[in-house]
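Visitor: Please take me through a close look at the surroundings of the ligand, and then relate that part to the rest of the protein.

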Amino acid sequence: MERINIYNPNIAPYAKSAIDAIESGWISNHGKYIGLATEKLKEIMKCKHVILMANGTCATHCLFLALKHAHPTITKIYVPNNAYVAAWNAALMEYSECQLSVMRMDASTWNICTDEEYIATLDPNAAMLVVHNVGNVVNVPRLKRLRPDMVFVEDNCEGFLGKYGEQEHDDDQPQYSGTSDATLCSSVSFYGNKIITTGEGGAFFTNDDAIYEHISRVYSQGMSAKRYVHEVHAYNYRMTNVQAAFLYDQLCDLDAIIAQKTRVFDTYVALLNEHDLLRSGRVRLYEKEAGTQSTHWIFALRIVGNTKTVDETAAFFDANGIDVRPFFYPIHAHAHLSGLTCVIGDDDAVSVRLNQEIIMVPSSPDMTLDEQRRVIDTVHKFVMHLNGVNVQTIQDQDHHNGMPMPMPMPMLHQIVNIIKHDTDNLSFRYFNNRTIETALQTHAITNVYYVADDANDANDANDANDAITDFIGYAHIDFDAVSNRHWFGIYICKSQRGKKYGALVLNDTIHQFCIQTKYQYDVYLSVDCTNMHALHLYEINKFEIVETRDTVYVMRRKCNAVSDGVM
Ligand SMILES: Cc1ncc(COP(=O)(O)O)c(C=O)c1O
């Protein structure tokens, strides 16, 4: 099984200018591509000043050099409780630990809480480091309207190419995050896993002439008019001409790069829908703040109620050949930041939960549909695992590594017995006039679902005794040669009804069938017209009524309709 990496940069098509830079001999921070990429970035982002830098961390450090320079009396900086560590570290390069104050997080946006009442409680004469986590943009112009007294700086390393600005404010048309006049300055990263990459690299943005003046000196050794005489404490944060050349070629092809990433994101959403993971509430994506457009950096999803630790979750995906990352830990998880004073109180629970439940999944621009399918299939498997659901596919018995599996047939007999003796079961009449043996001959899929005794053995569902004592349900897809149709059948055990297992079992079986048959066949079912509960389940899971036969509806789920969004 080939491993799917969290990110493979797509740099090869954008090497032409970099080779030119190397051949020209201008490989340090002088050369034409520094100017070309800077101008291009300014033009695209509609920002007055841009300074290319060596990486996102030093660009973020410059936010605080700028803040200190322009607002020397500010002594309190609000920072988010969950963020990539470089954001806090950059603040600590200029401010002491006791000057940082930790903000509460929002469980739906995965960013800082921006509720009006909460923002109103923040101290005056303070600054805020805004971080657009995993590409979800915080509406900074709105925050500035709420708190005109506060100074905002943006770590836009993950938010690059996102937008903010609300239409209802005439002066507030959507603009790229990090470029508003509401913000003092912003930073981006061009690290290898970013939408635009120069390997290592970053940039500093501001519309303020004085800030630009100051940072253009301190980022490059504090050059004065007289060579080797320096007036300020400064740094070497320069980008090379070769890196700038990579940047320039990508900026010239920006629309295509964004389209590729958008395809990956849209496909993930379609696949999650195919498994019914979003509507069922088992998986959530972040909510966007009003007046913002997120950027397609890395696809992240929240597995609601994930009780596994970050390491256990990563190990599960790793065992399935998929590289994932957890969402950022709360600030106190880091030894050097554990003593920070904060205003979060009990709300740390949100930060802990976000870190535990959210995973970032592979998001390379060149991911194939099959790779993305494998990722979301594994998410589905993980959700089943969390719910303690094991699945036993019966027709696997002859093909299980060449060895017959010992349990399935006796198990199936016992299960059919349970079904036949369920006096409340008037709707699933499939086995009333069939033997198991004849039924199996025409089955494309026969699945038995049961609660895993030990969630850890959820991957090897071979124990027939488990299946009987903790039986959840049964589902099949049966081919009927007369009608030339595939028919779906489902039974949920009496003691397990009302626990939302129906949708899980239905989608699992049909998805398995679609994959197995390469999305060639529609699936049909028949349901009593009076069985409102079942009708509702089928309708919300994409079945539609196509015929009425006496007291029975025939419903169809188009398999190609399910995959429309992802082909
Ligand atoms: C929010 C945030 N800030 C800062 C950085 C640092 O950027 P770099 O890795 O280019 O130094 C990153 C990294 O990507 C980041 O995600």
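Guide: Helix α3 gives the most to the shell around the ligand, with three residues. (Helices are DSSP runs of H or I with at least four residues, strands are runs of E with at least two, and both are numbered from the N terminus.) This is a predicted model, in which local features need pLDDT of at least 70 and side-chain atom pairs count only at pLDDT 80 or more, while totals for chains, interfaces and linings use all residues. Residues are numbered from 1 along each chain as its sequence is written.

Helix α3 covers residues 56–70, and α4 covers 85–92; each of these helices supplies at least two residues of the shell. The ligand has 15 residues around it, and those that come nearest are Gly56, Thr57, Ala86, Cys157 and Ser189. A residue is near a molecule if its C-beta atom, placed from the backbone, lies within 6 Å of it. By class, the shell contains seven nonpolar, six polar and two charged residues. Here Ala, Val, Leu, Ile, Met, Phe, Trp, Tyr, Cys and Pro count as nonpolar, Asp, Glu, Lys and Arg as charged, and the others, Gly among them, as polar.

Let us turn to strand β1, which spans residues 49–53 and includes His49. Is His49 buried or exposed? His49 is partly exposed, because 18 other C-beta atoms lie within 10 Å. (A residue with 20 or more such atoms is buried, one with 12 or fewer is exposed, and one in between is partly exposed.) Leaving aside residues up to four places away in sequence, His49 touches Thr206, Asn207 and Tyr212; contact requires C-beta atoms within 7 Å.

His49 can also be set against a residue of another element. Thr378 lies 329 residues away from His49 along the chain, and 45 Å separates their C-alpha atoms. Thr378 is one of the buried residues of helix α12, among them also Gln372, Arg374, Phe382 and Val383. The buried residues of α12 pack against two helices, α9 (254–274) and α10 (310–319), and against the strands β10 (283–284), β12 (299–303) and β14 (358–361). Helix α12 runs from residue 369 to 386, and its 18 residues should span 26 Å at 1.5 Å a residue; the end C-alpha atoms are 25 Å apart, which agrees. The expected span is 1.5 Å times one less than the number of residues. Just after α12, Gly388 takes a positive phi of about 70°.

Strand β14 is covered on both faces: Ile358 and Met360 are buried on one side, and Ile359 and Val361 on the other. In a regular strand, side chains alternate between the two faces of the sheet. Strand β14 pairs with β12 in the antiparallel sense over four bridges, where pairing requires at least two bridges found by DSSP. Ile358 in β14 is the bridge partner of Arg302. Strand β13 (residues 325–326) also runs antiparallel to β14, joined by two bridges, and the bridge partner of Arg325 is Met360.

Another open sheet has three strands in the order β7-β6-β11, with antiparallel pairing. Strands β7 (175–176) and β11 (292–293) stand at the edges with a single partner strand each, so one side of each has no neighbour in the sheet. Two bridges link β11 to β6, which covers residues 163–164, and Tyr164 stands opposite Thr292.

Further along the chain is strand β17 (residues 471–480), where eight of the ten residues are buried. Strand β16 (residues 443–451) runs antiparallel to β17 and is joined to it by seven bridges; Thr446 stands opposite His476. Strand β18 (residues 485–492) also runs antiparallel to β17, with eight bridges between them, and Ala475 stands opposite Ile490. Strands β17 and β18 form a hairpin with four residues between them, and Asn484 in the turn has a positive phi of about 55°.

Finally, consider the whole protein. The protein is divided into domain 1 (32–382) and domain 2 (387–566), with bounds from an automatic or database domain assignment. The centres of the two domains, taken over C-alpha atoms, are separated by 45 Å. The secondary structure comprises 18 helices and 21 strands, and the C-alpha trace spans about 95 × 55 × 45 Å along its principal axes. Of the 567 residues, 43% count as buried. Among contacts between residues at least 6 apart in sequence, 73% join residues at least 24 apart.
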